[in-house]
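Student: Could you take one part of this structure and look at it closely, giving the cut-offs behind each term as you go?

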Amino acid sequence: MVDGGHCPNQVQEFPQADKRMESSTLAADSKNPYSIIKSTTNQILSGSTFTQLEKRLKAVESMLEDQTLENTNLNQTISKQEFKLQQCDKMMNDYHKNITNMFRLMNHLQRSINGQKQGYRELEKKVSGIVLDVVETISKVLNCGQTNPETTFKDCQDVLARGHTISAVYYITTTYSSCSIPVWCDMDTPPGGWLVIQNRFNGEVDFNRLWDEYRDGFGNIASEFWLGLDNIFLLSNQDFYELRFDLWDFEDNRAFALYKNFKLDGARDRYKIHATDFEGSAKNGMQVHNGMRFSTPDQDNDKWLEYHCGKEWRAGWWFNNCWHSILNGPYYNQSKVLSRGISWNDWKPEQLAKSQMKIRPSRLHRSVESTKHDPKASNSKVNDETYLPSNSQDLQNMESSKLKPKS
Ligand SMILES: [Ca+2]
């Protein structure tokens, strides 16, 4: 009998122990290295073999390598995502800048649109005012003369164009009116066709008048007169017109001022004057009056707040504060006077002897029109339709013209 009754039991304990070890290893999380290490330690403590330990260690190393590779991949993915985030951030900044610029542009456009709307409203108001002025003015001009179209004209240029070359009184009917009014046509001052709106030469007509009289006109059409602001308004708005001032001193020297663009606003704008594109020998005496409203001794529309120019100078005029030129003041039959009534400072510092204001269709606009239709027109001037030079020849020609209208 072999005395080894205890051995078999001892030998048999190994497999059991190994089985417990394996079961504990299997029970451990096969993917968790720490769990495997713990399991392996248990195996060591429970008497596992070196080979088994080595095998377990390699498994752990392999898993660590896998984890490292996985970490590397993860880091690369994170880097890529970070790069994409940076790009997104940059795009967001650009987008924000674009949005900001777009809002600025929208604000700018909105302001521009508002400005245009305001301009349009003002223009609409202006046009409405002119239409109302025209309607009211023609309803006031009730002194209808002849209305036969055969014997009435649009203006003095129309009179001239229809063969009447003598300076005299003619009846004209403006485009906006059905009433004819008598006017003095000056066919002698080159190039003829001038409709006289103011004439003074001897002081027989008092020009110290009130608003309504300046509006309606006064005096004698074949002598001294003021045609009336309403009539001048209707005339100067039916076409493009030019305005000419003829001036004489007491030694019969003369000068003129021509404004190639002239228009008078209506009553709502207090007959504001627009006289530009100056040319002439008298210098630009209306420059400071351009854009001024009309004032009279009873209506102060001038630019001097504390002063009533029309009242102080006893005249109706487009006063600024107060004047560089004034042709409607009191008449004095001498040049040396304390308070001048007919003056054009840019030509003479003394009182003048005579003055005339006259209008005709603007040759400036007519030459533009003719140039549009005929390219040669810009190089070939037509005698009747071009501006004469302000030289001595022009003055000599003017000397021969009649100053005093004939009755
Ligand atoms: Ca004033």
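Tutor: The buried residues of helix α6 are Leu229, Asp230, Asn231, Ile232, Phe233, Leu234, Leu235 and Ser236, where a residue is buried if 20 or more other C-beta atoms lie within 10 Å of its own, exposed if 12 or fewer, and partly exposed in between, with C-beta atoms placed from the backbone. The helix spans residues 229–236 and is mostly covered, since eight of its eight residues are buried; helices (H or I, at least four residues) and strands (E, at least two) are DSSP runs, numbered from the N terminus. This is a predicted model, in which local features need pLDDT of at least 70 and side-chain atom pairs count only at pLDDT 80 or more, while totals for chains, interfaces and linings use all residues. Residues are numbered from 1 along each chain as its sequence is written.

For the setting of α6, the protein has nine helices and eleven strands, and 31% of its 407 residues count as buried. The largest nonpolar core (buried Ala, Val, Leu, Ile, Met, Phe, Trp, Tyr and Cys residues joined through C-beta atoms within 7 Å) has 63 residues, and among those with the most contacts inside it are Val183, Leu195 and Leu247. Strand β7, residues 254–264, gives the most to this core, with seven residues. Leaving aside neighbours within four places in sequence, Leu247 is in contact (C-beta atoms, placed from the backbone, within 7 Å) with Arg254, Ala255, Phe256, Ala282, Trp344, Trp347, Leu352 and Ser355.

Terms used
Contact = placed C-beta atoms within 7 Å.
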